[in-house]
Each structure stands twice: as C-alpha cells, then as structure tokens.
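User: I am new to this structure and would like to learn how to read it, feature by feature. Could you give me the general idea each time and then show me the case at hand?

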Amino acid sequence: LSLSLSFVFSLCLFLSFQSLAYKHPHPLPASFNSYNEDHVGDDGAVILADALKVNAALQIIRLQQSDIGEAGAQALLEALEMNMTLTTINLEYCEVSYGLQNKIDSLLTDPIRVAWASGEADTK
C-alpha cells in the first residue's frame, strides 16, 4: 500500500469534519480534492470508496490525474450504489475504461439520485 501522506491527511481531515456537518450552523465544504502529486491509485480509491459508503455530506470528488485504474474506479462505482449524496466524481486522466466511466456517469446522472441530492426527492 503506497499512499501519499498528503492524501491520507486530507481524507482523514475531511472525514473527521464531516461528522460535524449536522451539528454546525454553517455548511461545511462538500467537495474533496486530490491533486496529481497525491498518487491516490487504486488502493487509495478503495479506501475512499469504503468511506463513501457511509458518507452523508460529500457531494463532489475531484480525483483527476491520481493514478486510479479499473480496480479503484470499480470500488468507487460500488460505493455509489450505496451513496446518494455524491453528484460528481472527476476521474479525468485516470486509467479508467470508457465503459466503466460511462457506468459511473450514468449512475451519477440518474434522475432519482439527482432529485435526492438536490433535496427534491419525496421523503414521505
């Protein structure tokens, strides 16, 4: 497992503040950014995907140029099936096949997910 310290620190910091989202009167940032020097890779994407399964605040993830391949993208796709708050995952310049990227994009643009994330879903 080879993750950069800055990626691990950024992820831990965000996730620790996420738990305050419901108690804080001002909204916390709803995006997570990883930069190309973080070298997230598939291992980091799998860790992030596990965290996303219980995420209730994060809406946007920017992981462009982060060395994520098919295994990492597949883990993110599986997390999306359990997470309704994410609206954007940027995997530009990663080694992800068109078919897998298309599945992720299709899931993110599903009308039910879009309505849920915008607060317009019927919660009755």
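User: Where should I begin, and what share of the contacts in the chain with a separation of 6 or more comes from residues 24 or more positions apart?

Analyst: One can begin by asking how far apart in sequence the partners of a contact are. In this predicted model, residues 24 or more positions apart account for 80% of the contacts with a separation of 6 or more. Two single pairs can serve as illustrations: Val40 and Gln64 are separated by 24 residues in sequence and by 9.9 Å between their C-alpha atoms, while Gln74 and Leu100, 26 residues apart in sequence, have C-alpha atoms 7.3 Å apart.

User: Which pattern does the chain follow when its helices and strands are read along the sequence?

Analyst: The idea is to list the elements in order before looking at how they meet. Here the chain has five helices and three strands, and along the sequence they follow the pattern α-β-α-β-α-β-α-α.

User: How do I read the way two helices meet, and at what angle do the axes of helix 2 and helix 3 cross?

Analyst: One looks at the distance between the axes and at the angle between their directions. For helix 2, residues 41–52, and helix 3, residues 70–80, the axes come within 8 Å and cross at roughly 5°, and therefore the two helices count as roughly parallel. On the side of helix 2, the residues in this contact are Asp42, Ala45, Val46, Leu48, Ala49 and Leu52, and they meet Glu70, Ala71, Gly72, Ala75, Leu76 and Ala79 of helix 3. By character, the residues of this contact divide into nine nonpolar, one polar and two charged.

User: Which residues of helix 3 are buried, and against which elements do they pack?

Analyst: A useful general idea concerns the spacing of residues along a helix. An α-helix has 3.6 residues a turn, so residues three or four places apart point the same way. In helix 3, the buried residues are Gly72, Ala73, Ala75, Leu76, Leu77, Ala79 and Leu80, and their packing partners are helix 2, strand 3, helix 4 and helix 5. Gln74 also belongs to helix 3, but it counts as partly exposed because its relative accessibility is 30%.

User: How much of the chain is buried, and how should I read burial for a single residue?

Analyst: For the whole chain, buried residues make up 35% of the 124 residues, and the accessible surface comes to about 7400 Å², with 58% of it belonging to carbon and sulfur atoms. For a single residue one compares the relative accessible area with a cut-off, and under 20% means buried. Val40, in the loop between strand 1 (31–33) and helix 2, has a relative accessibility of 1% and so counts as buried. Gln101, which is found in helix 4, also counts as buried because its value is 18%, and, leaving out residues up to four places away in sequence, Gln101 touches Leu91 and Val96.

User: Is Asn83, in the loop between helix 3 and strand 3, buried or exposed, and what is it in contact with?

Analyst: With a polar residue, one can ask about its burial and then about the partners of its side chain. Asn83 has a relative accessibility of 1%, so it counts as buried. A polar atom of the Asn83 side chain lies 2.9 Å from the backbone nitrogen of Leu86, and, apart from neighbours within four places in sequence, Asn83 is in contact with Leu52, Asn55 and Arg113.

User: Where does phi take a positive value in a residue other than glycine?

Analyst: Here one reads the backbone angle together with the place of the residue and its exposure. Gln65 has phi near 55° and lies in the loop between strand 2 (60–62) and helix 3, where its relative accessible area of 36% means that Gln65 is partly exposed. Tyr93 has a phi of about 65° and sits in the loop between strand 3 (88–90) and helix 4 (98–108); Tyr93 is exposed because its relative accessible area is 65%.

User: What is found at the start of helix 5 and just after helix 5?

Analyst: The ends of a helix can be read one at a time. At the start of helix 5, a side-chain oxygen of Asp110 comes to within 3.0 Å of the backbone nitrogen of Ile112. Just after helix 5, Gly119 has a positive phi of about 85°.

Note on methods. Residues are numbered from 1 along each chain as its sequence is written. This is a predicted model: local features need pLDDT of at least 70, side-chain atom pairs count only at pLDDT 80 or more; totals for chains, interfaces and linings use all residues. Side-chain values use heavy atoms; hydrogens and water are left out. Axes are lines fitted to C-alpha atoms, for helices over the stretch in contact, and angles run from 0 to 180 degrees between N-to-C directions. Helices (H or I, at least four residues) and strands (E, at least two) are DSSP runs, numbered from the N terminus. Angles under 35 degrees count as roughly parallel, over 145 as roughly antiparallel, 65 to 115 as roughly perpendicular and the rest as oblique. Contact means heavy atoms within 4.5 Å. Ala, Val, Leu, Ile, Met, Phe, Trp, Tyr, Cys and Pro count as nonpolar, Asp, Glu, Lys and Arg as charged, and the others, Gly among them, as polar. Buried means under 20% relative accessible area, exposed over 50%, partly exposed in between (1.4 Å probe, protein chains only). Accessible areas come from the Shrake-Rupley method with a 1.4 Å probe; for residues, only the protein chains shown count as cover. A polar contact is a pair of N or O atoms within 3.5 Å; within protein, one must be able to donate a hydrogen and the other to accept it, and residues adjacent in sequence count only if both atoms are side-chain atoms.
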